[in-house]
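Please open the model in your viewer and keep the sequence panel visible. The stops below say what to select next and what is there.

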Amino acid sequence: MKINEHTLLEGSRVVLVPYKKHHVPKYHGWMQSAELQELTASEPLTLEQEYEMQHSWWQDENKCTFIVLDKDRWKSAEVTEIDSMIGDVNLFFTNQECPTEAEVEIMIAEPTSRRKGAGREALTVMMAYGVQELGVREFVAKIGYSNHGSLSLFHRLGFEEVSRSDVFQEVTLHLPITDDIRAWLEQEMSHISKHTYENHCR
């Protein structure tokens with residue numbers, strides 16, 4: 001999705017930036033991990049395939065992706081943007097019968113960045129962006145049985161289980177955007193600064 005290609009969202013713990021070609025090698029390195037392949041239900045790709053995937057996602061109007069950066073590292077003049085990368089967050093618009101429904105995914109790939117609030121902030125910022133900028137009215141999440149950390153996070157944010165698939169070993173969760181949820185997301189976004197990505201990338 002090209003709508004966010006110039007957007008940088010700066011929070012208190014994380015910074016979200018659009019997924020660009022120069023992010024691919026590190027992302028590819030993450031996805032060689034058997035643990036991450038299992039948690040994200042992904043198959044390993046070659047580096048060339050990963051570049052092709054990044055380009056196709058950029059062109060696909062049904063996919064919105066941000067790379068998650070560690071803000072403390074990103075602010076350091078001695079650390080590059082690539083070295084600040086800790087994960088990604090995505091929205092997928094795949095329900096043709098309900099175009100305002102988005103499937104949301106979060107991955108904190110760097111083990112040292114987990115359980116520190118980065119995933120929660122990245123997820124809530126992406127949800128607020130989806131509601132405010134993309135017109136999302138309900139979220140769906142599909143999470144593997146073994147991904148206890150993500151299941152706990154999504155439940156804490158108000159998602160409720162609607163189904164289970166033993167075939168795919170995953171739980172489907174759902175969150176409609178009520179007035180209360182919208183107000184909560186607006187409050188969550190109150191400390192977020194929006195910038196032009198090209199003015200801050202390095």
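## Stop 1: an arginine in a loop

Select R114, which counts as partly exposed at 24% relative accessibility. The model is a predicted one.

Now add E35, whose side chain forms a salt bridge with R114, with 3.2 Å between the closest N and O atoms. R114 sits in the loop between β5 and α6, while E35 belongs to helix α2 (residues 34-40), so the pair ties together parts that are 79 residues apart in sequence. E35 is partly exposed, its relative accessible area being 40%.

Step along to R115, which lies in the loop between β5 and α6. R115 is not a glycine, yet its phi is positive, at about 60°. With a relative accessibility of 80%, R115 counts as exposed.

## Stop 2: another salt bridge from that loop

Select K26 and E110. Their side chains meet in a salt bridge, at 4.0 Å from N to O. This pair links distant parts of the chain, with K26 in helix α1 (residues 24-30) and E110 in the loop between β5 and α6 (118-134), 84 residues apart. K26 is partly exposed, with a relative accessible area of 22%. E110 counts as partly exposed, at 22% relative accessibility.

How many salt bridges does the count come to? The count is seven. As background, side chains of opposite charge can pair when their charged atoms come close.

## Stop 3: helix α8 and its two sides

Select E188 and R120 for a further salt bridge, in which the closest N and O atoms are 3.2 Å apart. E188 is in helix α8 (residues 179-188) and R120 in helix α6, 68 residues apart, so look for a link between distant parts of the chain. R120 counts as partly exposed, with 34% relative accessibility.

Stay on α8 and colour its buried residues: I181, W184, L185 and E188. Look down the axis of α8: the buried residues fall within an arc of 100°, so they line one face of the helix. In general, an α-helix has 3.6 residues a turn, so residues three or four places apart point the same way.

What do the buried residues of α8 pack against? Show α6 and β8, the elements against which they pack. Then turn to the other side of α8, where D179 and Q187 are exposed.

## Stop 4: the sheet

Switch to a cartoon view and select the strands. Nine of them form an open sheet with mixed pairing, in the order β7-β8-β6-β5-β4-β3-β2-β1-β9. Which strands stand at the edges? They are β7 (160-165) and β9 (193-196); each has a single partner strand, so one side of each is left without a neighbour in the sheet. From one strand to the next, the twist averages 25°.

Helix α7 (residues 148-156) packs on the sheet, where it touches β5 (101-108), β6 (138-144), β7 and β8 (170-176). The direction of α7 makes about 155° with that of β6.

For one pairing in detail, select β1 (residues 7-10) and β2 (residues 14-18), which pair in the antiparallel sense over two bridges. L9 has L16 as its bridge partner in β2. Strands of a sheet pair through backbone hydrogen bonds, in general, either parallel or antiparallel.

Finish this stop at Q169, in the loop between β7 and β8. Q169 has a positive phi of about 55° although it is not a glycine. Its relative accessible area is 43%, and Q169 is thus partly exposed.

## Stop 5: a histidine in a loop

Select H23, which is found in the loop between β2 and α1. Is H23 buried or exposed? H23 is buried, with a relative accessible area of 0%.

Display what surrounds H23. Apart from its neighbours within four places in sequence, H23 is in contact with V17, P18, I67, E81, I82, M85 and Y197. To end, draw a distance from H23 to A102: the C-alpha atoms of these two residues, 79 residues apart along the chain, are separated by 24 Å.

Terms used
Residues are numbered from 1 along each chain as its sequence is written. This is a predicted model: local features need pLDDT of at least 70, side-chain atom pairs count only at pLDDT 80 or more; totals for chains, interfaces and linings use all residues. Side-chain values use heavy atoms; hydrogens and water are left out. Two strands pair if DSSP finds at least two bridges between them. Helices (H or I, at least four residues) and strands (E, at least two) are DSSP runs, numbered from the N terminus. Axes are lines fitted to C-alpha atoms, for helices over the stretch in contact, and angles run from 0 to 180 degrees between N-to-C directions. Contact means heavy atoms within 4.5 Å. Buried means under 20% relative accessible area, exposed over 50%, partly exposed in between (1.4 Å probe, protein chains only). The arc is that of the directions from the helix axis to the C-beta atoms.
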